[in-house]
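Work through the exercises below with the sequence and the model open. Each task is followed by a solution in steps.

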Amino acid sequence: SSTSRGLGDVYKRQRDFLRIYNQLEQLLVNFAEVYMNDEISQTSYNSYISNRRPQIIQILKMLSSKQIIPLSLQNELNELRMYRNALVHGVDFEVSQDVCTRISKIYNTLQQAFNTLQKFGKDSAEYEKAIKLVYDLTR
């Protein structure tokens, strides 16, 4: 029946969203670790890594302050985090296709930037270009 198929889509979108969200969060952690070589940041980083899992809010602030992500994206990622928490804690709502598309786009753009960072380094023109694409995500 169409309802059961519709439900399948809903659950698939939830799963997709959560899977991409988890990958995105790990990617943000990886980004943070690269930028953590600065002594000053190191101490604040250690204080929140001691919780084993770094607080994603701290990481977003740090990445925004290092101009890796614009403030608007920091806010949007924080909204996605709250959305994810609501989903995981059983608040019943449908994940729209738009949200899935958007989080995939953000993830892919940041992943591209991270790959470029690893390949060419912080001060490369390539990386600067990749970060510009991250800034272009701004709505």
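**Exercise 1. Place R139 and describe its surroundings.**

Step 1. R139 lies in the segment after α6, where helices are DSSP runs of H or I with at least four residues, strands are runs of E with at least two, and both are numbered from the N terminus. The model is predicted: local features need pLDDT of at least 70, side-chain atom pairs count only at pLDDT 80 or more, and totals for chains, interfaces and linings use all residues. Residues are numbered from 1 along each chain as its sequence is written, and side-chain values use heavy atoms, with hydrogens and water left out.

Step 2. R139 has a relative accessible area of 73% and is therefore exposed; the cut-offs are under 20% for buried, over 50% for exposed and partly exposed in between, with a 1.4 Å probe and protein chains only.

Step 3. Apart from residues up to four places away in sequence, R139 touches E76 and R102, contact being heavy atoms within 4.5 Å. S72 is 67 residues from R139 along the chain, with 7.8 Å between their C-alpha atoms.

Step 4. Turn to the partner E76, which is found in helix α4. Its relative accessibility is 13%, so E76 counts as buried. Leaving aside neighbours within four places in sequence, E76 is in contact with R102, I106 and R139.

**Exercise 2. Determine how α4 packs against α5.**

Step 1. The axes of α4 and α5 are 12 Å apart, at an angle of about 130°. Axes are lines fitted to C-alpha atoms, for helices over the stretch in contact, and angles run from 0 to 180 degrees between N-to-C directions.

Step 2. That angle makes α4 oblique to α5. Under 35 degrees counts as roughly parallel, over 145 as roughly antiparallel, 65 to 115 as roughly perpendicular, and the rest as oblique.

Step 3. The crossing of α4 and α5 is left-handed, a term for a near helix turned anticlockwise from the far one by less than a right angle; clockwise gives right-handed.

Step 4. On the α4 side the contact holds L73, E76, L77, L80 and Y83, and on the α5 side V99, R102, I103 and I106. By class, the contact of α4 with α5 has seven nonpolar, no polar and two charged residues. Nonpolar covers Ala, Val, Leu, Ile, Met, Phe, Trp, Tyr, Cys and Pro; charged covers Asp, Glu, Lys and Arg; the others, Gly among them, are polar.

**Exercise 3. Repeat the analysis for α3 and α4, then examine the loop between them.**

Step 1. Helix α3 (residues 56-65) and helix α4 (residues 71-88) have axes that come within 9 Å and cross at roughly 165°. This makes α3 roughly antiparallel to α4. The crossing of α3 and α4 is right-handed.

Step 2. I56, I57, L60, K61 and S64 of α3 meet L71, Q74, L77, N78 and R81 of α4. The contact of α3 with α4 divides into five nonpolar, three polar and two charged residues.

Step 3. The buried residues in α3 are I56, I59, L60, M62, L63 and S64.

Step 4. Q67 is found in the loop between α3 and α4. Its phi is near 60°, a positive value in a residue other than glycine. Most residues other than glycine have a negative phi. With a relative accessible area of 59%, Q67 is exposed.

**Exercise 4. Describe the largest nonpolar core and the contacts of F31.**

Step 1. The largest nonpolar core has 37 residues, and F17, L28, F31, I69, L77 and L110 have the most contacts inside it. Such a core is a set of buried Ala, Val, Leu, Ile, Met, Phe, Trp, Tyr and Cys residues joined through side-chain atoms within 4.5 Å.

Step 2. At least two residues of this core come from each of α1 (2-35), α3, α4, α5 (97-120) and α6 (125-135). α1 gives the most, with ten residues.

Step 3. Not counting residues up to four places away in sequence, F31 touches L63, I68, L110, A113, F114, L117 and Y127.

Step 4. For the chain as a whole, there are six helices and zero strands, and buried residues make up 40% of the 139 residues.
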